[in-house]
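Hi there,

Here is the structure I promised to pass on to you. Have a look at it first, and then read on for my notes.

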Amino acid sequence: MRTRSSRSGLAALSTAAAMLMVSGVSAAHPPREVAPFEADFLWGVASSGFQSEGHAPDSNWSRYIASGATADPYRDSVDFTRRYMNDIDLAARLGVRVYRVGIEWARLQPTPDMWDEAAFGFYDNVIARILAAGMRPMLTLDHWVYPGWALDRGGWRNPGMVEDWLANMRKVVQRYSSRGPLWVTFNEPAAYVGTELRTGGISVEEAPAMVDRIAQAHNEIYDVIHRFRPDAMVTSNLGYVAGAETEVNQPIVDRISAKLDFVGVDYYFAPLPQTGEAAQGGAVGGVPMWELPVHPEGVYYALRHYARQFPDRPLYVVENGLPTENGQVRPDGYTRADHLRDTVYWLQRAKADGINVIGYNYWSLTDNYEWGTYAPRFGLYTVDVLTDPTLARRPTDAVDAYTRLIRQGGVEPSYRPTRAPVPCIEIDAPDACAGEGLAEG
């Protein structure tokens with residue numbers, strides 16, 4: 001979210017990133033014709049372990065939910081642990097080439113001195129199913145959840161957390177590197193820090209140390225991955241925060257930039273119309289996700305921001321999607337299918353303008369537990385966890401839209417977005433919009 005220039009990066013992180021798991025920016029270019037992506041473009045879907053698996057073991061998040069601090073109970077989420085075969089089949093029918101899943105540390109290592117072979121067997125089966133369906137796994141090592149015993153040791157307050165984390169992740173890498181996955185070490189590190197601030201895992205004063213420890217863990221596991229597989233592709237996806245990207249994410253980017261094989265970018269929202277404290281406080285203090293401004297043209301500028309910083313690396317949109325309130329029509333009238341098509345247009349526009357974007361994951365295949373609540377719905381397939389005991393997967397209008405987009409390599413050359421783009425400066429920071437003017441159509 002947009003911040004006042006006088007605020008420190010830490011203050012921006014502890015407010016904007018605490019709520020906004022991901023955020024986005026804008027565009028000023030008028031529409032023009034675009035070409036389809038080549039056949040090797042990596043269309044995908046994304047999910048996380050804890051948010052979808054159910055049957056949760058003891059962890060920082062299961063304890064936080066048990067404390068009564070969340071709006072909704074967890075139950076068994078969408079029960080991916082028992083329905084993974086069906087969900088993977090749904091993804092395969094879309095035609096996607098990548099399926100992102102999380103490998104839950106808390107499930108694999110229930111005590112400091114014991115790993116659960118049955119839990120590894122579950123992930124063996126998930127990965128084998130993804131491969132058998134003709135897709136490539138994208139494996140996330142840490143999506144904000146860690147074992148209860150690690151919390152008892154202080155979590156990310158504890159300097160020993162890095163070695164505890166690495167002890168588990170080395171086993172994961174050794175087991176699965178031969179399967180040729182794409183790797184995500186930490187999901188949205190800045191937002192991870194913000195979430196730990198929100199849940200009480202760390203204090204504001206401890207946030208810089210957590211950033212340092214995440215960077216150390218990323219850099220070390222990057223080397224481990226490459227020892228097993230020199231051609232591996234590794235990233236840590238960045239939740240783009242329009243108006244404050246440099247303040248929020250640059251501290252972690254500076255620490256891990258040498259060890260990113262591709263730049264993973266997540267993009268969802270533009271800032272609220274207000275600026276400074278009002279915008280931040282609104283997002284943190286009660287503006288629902290489905291009421292936050294959505295500007296799909298912003299993904300263009302999010303990609304351009306990192307293309308300028310990493311001209312030698314490919315970029316991949318690891319997460320992007322549209323929230324609705326319990327599956328209802330959004331207040332702005334935007335449909336999931338239209339938002340998807342509009343977003344893909346701007347991805348094609350980025351490619352046409354020389355930005356090396358190689359892939360796109362839709363967040364998410366199904367609705368899931370959005371860190372305390374089931375109200376925000378992001379799924380291509382909606383699931384009514386609180387009201388439907390069968391947990392049926394019901395397709396939204398975006399299922400057909402995504403299937404067609406994948407088959408065609410994107411939108412048609414003559415496609416025009418349903419929402420006219422606004423100037424970059426209206427929804428992002430001046431440094432992101434430097435030199436930006438209206439381009440010729």
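Below is what I found, going from the whole chain to the pocket, the cavity and one residue.

Please keep in mind that this is a predicted model. The pLDDT averages 90 over the chain, and 89% of the residues score at least 70. Two stretches fall below a pLDDT of 50: residues 1–28 and residues 437–441. Beyond near neighbours in sequence, the model gives 137 contacts to residues 1–28 and eleven to residues 437–441.

**The chain as a whole**

There are 16 helices and 13 strands in the chain. Of its 441 residues, 63% are buried. If you take the contacts with a separation of 6 or more, 81% of them join residues that are 24 or more positions apart. The accessible surface is about 15300 Å², and carbon and sulfur atoms account for 52% of that surface.

**The second largest pocket**

You may like to look at this one on screen. The volume of the second largest pocket is about 230 Å³. It is lined by 15 residues, and those closest to its centre are Thr324, Gly327, Gln328, Val329 and Arg336. Sorted by class, the lining of this pocket holds eight polar, five charged and two nonpolar residues.

**The second largest cavity**

On the general idea: a probe the size of a water molecule, rolled over the atoms, shows where empty space is left. In this model, the count is two cavities of 30 Å³ or more. The second largest cavity holds about 50 Å³ of space. Which residues line the second largest cavity? They are Ala46, Ser47, Ser52, Phe80, Asp87, Tyr99, Ser364, Leu365, Thr366 and Asn368. By class, that lining has five polar, four nonpolar and one charged residues.

**Asp79**

Finally, a residue to look up in the sequence. Asp79 sits in the loop between α3 (60–66) and α4 (80–94). Is Asp79 buried or exposed? Its relative accessible area is 3%, so Asp79 counts as buried, the cut-off being under 20%. Apart from neighbours within four places in sequence, Asp79 is in contact with Ser52, Glu53, His55 and Leu391. Ser52, one of these contacts of Asp79, is also among the residues that line the second largest cavity.

Happy to go through any of this with you over coffee.

Best wishes

Notes. Residues are numbered from 1 along each chain as its sequence is written. This is a predicted model: local features need pLDDT of at least 70, side-chain atom pairs count only at pLDDT 80 or more; totals for chains, interfaces and linings use all residues. Side-chain values use heavy atoms; hydrogens and water are left out. On a 1 Å grid over the protein atoms alone, a cavity is a set of points where a 1.4 Å probe fits but cannot get out, and a pocket is an open set with protein on both sides within 12 Å along at least five of seven lines; lining residues have an atom within 4 Å of a point. Grid points are joined across faces, edges and corners, and a volume is the space filled by probe spheres set on the points. Ala, Val, Leu, Ile, Met, Phe, Trp, Tyr, Cys and Pro count as nonpolar, Asp, Glu, Lys and Arg as charged, and the others, Gly among them, as polar. Helices (H or I, at least four residues) and strands (E, at least two) are DSSP runs, numbered from the N terminus. Buried means under 20% relative accessible area, exposed over 50%, partly exposed in between (1.4 Å probe, protein chains only). Contact means heavy atoms within 4.5 Å. Accessible areas come from the Shrake-Rupley method with a 1.4 Å probe; for residues, only the protein chains shown count as cover. pLDDT is the predictor's confidence in each residue, from 0 to 100.
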